[in-house]
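Visitor: Could you take me through one part of this model up close? I'd like to know how the helices pack against each other.

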Amino acid sequence: MKECIDQKVYQAELDNLPAAFEDGSTNGGERPGGSSLAIRELSPGRHVEIRARYIGTTIAVRQAGRQLSFSIRAAEEVAEAFPQEQDLQLCVGGCPQSQRISRSPCCPGPAAAEAARALCKEMLPVEDVYFQSCVFDVVTSGDANFTMAAHGALEDARVFLPNVEKLHIFQAGAGCPSVSPSFVLLLLVLAGLWGVSWHF
């Protein structure tokens, strides 16, 4: 949309969640559609929202503990507009050693899983995909801050999904219906990302 906005880059890192694009601006520039791209800080250093109205896309970036998470709401046409060869990379600097999950065959015992379930249940009372992701992240990382990341993803979904009945997503085959909104692609990533960079 070069005729509408100036190209903008947003970059976030742990403990550096800026409320502006790299050039210091908070919108798409002086062109006629510049106001259709905007960034705003919802919680200083913890939650930033980028709205690209000209393509119907909203990106929420959060820091919870030592992890960055993001949620994206975009029309299917926008999400599928890039061929696989043009795949955009979000974790541009690689994940630091402290953020990597161990591949050792030894797994935490049932006590760790039950403790993680109890922690996640405090923030996420419904045992849906958000809850299950929370339990997995807490068990594999040992970091209770993942409960905040999962709760943030659920809060983003509350804002992004117009139909509250489709908010809680359950695993297929778990006895509950699987939900897949046809007009919205919602990507929720709860893994610890180190550096995030977007080009608009």
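**How the helices pack**

Guide: Let's start with what is missing: the structure holds zero aromatic pairs, a pair being rings of Phe, Tyr and Trp (its six-membered ring) with centres within 6.5 Å. Bear in mind that this is a predicted model, where local features need pLDDT of at least 70 and side-chain atom pairs count only at pLDDT 80 or more, while totals for chains, interfaces and linings use all residues. Residues are numbered from 1 along each chain as its sequence is written, and side-chain values use heavy atoms, with hydrogens and water left out.

Two packed helices are described by the angle between their axes and the distance between the axes. Here the axes are lines fitted to C-alpha atoms over the stretch in contact, with angles running from 0 to 180 degrees between N-to-C directions; the helices themselves are DSSP runs (H or I, at least four residues), numbered from the N terminus.

Take helix 2 and helix 3 (residues 129-141): their axes come within 9 Å and cross at roughly 130°. That makes the two oblique, therefore (under 35 degrees is roughly parallel, over 145 roughly antiparallel, 65 to 115 roughly perpendicular, the rest oblique). The crossing is right-handed, as the near helix is turned clockwise from the far one by less than a right angle. Touching here (heavy atoms within 4.5 Å) are Ala112, Ala113, Ala116, Arg117, Leu119, Cys120 and Lys121 of helix 2 and Phe131, Cys134, Val135, Val138 and Val139 of helix 3. By class that contact has ten nonpolar, no polar and two charged residues (Ala, Val, Leu, Ile, Met, Phe, Trp, Tyr, Cys and Pro are nonpolar; Asp, Glu, Lys and Arg charged; the others, Gly among them, polar). A nice detail: the charged end of Lys121 sits over the ring of Phe131, 5.6 Å from its centre (the cut-offs are NZ of Lys or CZ of Arg within 6 Å of the ring centre and within 35 degrees of the ring normal).

Now bring in helix 4 (residues 146-160), which packs on helix 2 (residues 110-123) at about 40°, axes 9 Å apart. This pair is therefore oblique too, and its crossing is right-handed. Leu119, Cys120 and Met123 of helix 2 meet Thr147, Met148 and His151 of helix 4, giving four nonpolar, two polar and no charged residues.

Finally, helix 3 and helix 4 have axes that come within 8 Å and cross at roughly 160°, so they run roughly antiparallel.

How values were computed: Rings of Phe, Tyr and Trp (its six-membered ring) pair if their centres lie within 6.5 Å; planes under 30 degrees apart count as stacked, over 60 as edge-to-face and the rest as tilted.
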